[in-house]
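Here's a walk through the open spaces and the ligand site of this protein. Have the structure open while you read.

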Amino acid sequence: MGDGQVCDAVTDTANAIAQMEIRGAVAIADATAAALRDQATQSSAADAATLQAELRAAARRLHDTRPTAVSLPNTLRYVLNSMDGDTVEAVRTAVVSAVAEFRDRLDRAQTDLGAVGASRLSTGDTVMTHCHSTDVLACIVTAVNQGTELSAIVKETRPRKQGHMTARRLDELGVPVTFIVDSAAHSYLDETDHVFVGADTITADGSVVNKIGTAGLAASARERGVDVVVAAQTLKLDPETLSGGRVDIEHRDVGEVLSGELSQEFDSVDVANPAFDRTPARHVDAIVTERGQFPPESIVMLMRELYGPEPGRPWEA
Ligand code: RUB
């Protein structure tokens, strides 16, 4: 790799995120941090300023992969804000240690959040899930490890079918799973005690941006009086929304919805493929984080405490 260039590990990670080989907000954050560490360790920059410029370029490459999960820019902030130093070695050491600390905090946050979420679950409860969220899994795994006997209704989650991952993982855990297509969710809410979903981004007004279909599920659950819990570590709080920033909802290739011959058959039909939607705070009972559980309307206080009013975009500097 030449002086000033982005390393292959960053390009590979960016491609893997864009193609969803790495997916889910926590996994995206973890891979992003690791890629920045690789940039720092593999760089042949001649001086500190060049290495810092490379790290910003690497961050931009990673940032431009998928627009919705705020865990990505929050990770870039954490790592880039650490890259002080007058020499290449000093910057490299600072980044390596910030990334190690970040990844450790990510793990601990999920463990701590899992304990908080598990406290909402009791033996005999049925949990309905949507998509595949490692933060949700942490709550269920902790509850099961504590001896709580649960069953699960797992939504398929069209078009990428992340529900398969959730069903597989819960089955391995010994949780009885009923696997349903998305449109069957309403019919199964009477058998559900809690809806547990993850989040890609939580905004200052307590809205939750998560996999498309979450908003409809939460509205139905609210109408039936079923508990709606969002399991989301504080890395999912979007500090830019404190000052009016908006969440960009990703629209993915329509080939994920209709592909091959079908897409030709329907070539005069407009196909849309939004990947996420926004659930208003009033349809959520609690946001479970590693810092405890919060009514969604109060999450703004935690957001302000953790990120301050001006989070900055150090990758743009
Ligand atoms: C993933 C998704 C997940 C959140 C939370 O969407 O919406 O619910 O990212 O996951 P995609 P986690 O599959 O399009 O990335 O709790 O693992 O961060």
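Let's start between the domains: the second largest pocket takes lining residues from both domain 1 (8-112) and domain 2 (115-307), so it lies between them. Keep in mind that this is a predicted model. The volume of this second largest pocket comes out at about 250 Å³. It has 15 lining residues, and those closest to its centre are His63, Pro67, Pro73, Asp238 and Arg313. Sorted by class, this lining splits into six nonpolar, three polar and six charged residues.

Now for the largest pocket. Its space amounts to about 540 Å³. Here 18 residues form the lining, with Tyr78, Arg105, Thr234, Glu290 and Tyr307 closest to the centre. Which helices supply at least two residues each to this lining? They are α4 (71-80), α5 (88-118) and α11 (299-307). Of these, α5 is worth selecting in your viewer, as it gives six residues, the largest share of the lining of the largest pocket. Both domains are represented here too: domain 1 (8-112) and domain 2 (115-307) each put in at least three residues. As for chemistry, the lining of the largest pocket holds eight nonpolar, four polar and six charged residues.

Next, the ligand. It is surrounded by 18 residues, and Arg23, Ser133, Thr134, Asn210 and Lys211 are the closest. Three polar contacts to ligand oxygen atoms are set out here:

| Residue | Protein atom | Ligand atom | Distance |
|---|---|---|---|
| Val26 | polar backbone atom | oxygen | 2.9 Å |
| Lys211 | polar side-chain atom | oxygen | 2.6 Å |
| Lys236 | polar side-chain atom | oxygen | 2.9 Å |

So how much of the ligand does the protein bury? On its own the ligand exposes 460 Å², and the protein buries 99% of that. In terms of secondary structure, α2 (25-42), α6 (134-145) and β6 (208-211) are the elements that give two or more residues to the shell around the ligand. That shell is evenly mixed by class, with six nonpolar, six polar and six charged residues. The two domains also meet up around the ligand, in that domain 1 (8-112) and domain 2 (115-307) each contribute at least three residues to the shell.

Finally, two backbone details to check before you set up anything on this model. The peptide bond that joins Arg158 and Pro159 is cis, with omega about 0°. Where does Pro159 sit? You'll find Pro159 in the loop between β2 (151-155) and α7 (163-172). The other detail is Cys131, which has a positive phi of about 65° even though it isn't a glycine. Cys131 belongs to the loop between β1 (126-129) and α6, and α6 is one of the elements that give two or more residues to the shell around the ligand.

Technical notes. Residues are numbered from 1 along each chain as its sequence is written. This is a predicted model: local features need pLDDT of at least 70, side-chain atom pairs count only at pLDDT 80 or more; totals for chains, interfaces and linings use all residues. Side-chain values use heavy atoms; hydrogens and water are left out. On a 1 Å grid over the protein atoms alone, a cavity is a set of points where a 1.4 Å probe fits but cannot get out, and a pocket is an open set with protein on both sides within 12 Å along at least five of seven lines; lining residues have an atom within 4 Å of a point. Grid points are joined across faces, edges and corners, and a volume is the space filled by probe spheres set on the points. Helices (H or I, at least four residues) and strands (E, at least two) are DSSP runs, numbered from the N terminus. Ala, Val, Leu, Ile, Met, Phe, Trp, Tyr, Cys and Pro count as nonpolar, Asp, Glu, Lys and Arg as charged, and the others, Gly among them, as polar. Domain bounds come from an automatic or database domain assignment. A residue is near a molecule or strand if one of its heavy atoms lies within 4 Å of it. A polar contact is a pair of N or O atoms within 3.5 Å; within protein, one must be able to donate a hydrogen and the other to accept it, and residues adjacent in sequence count only if both atoms are side-chain atoms. Accessible areas come from the Shrake-Rupley method with a 1.4 Å probe; for residues, only the protein chains shown count as cover.
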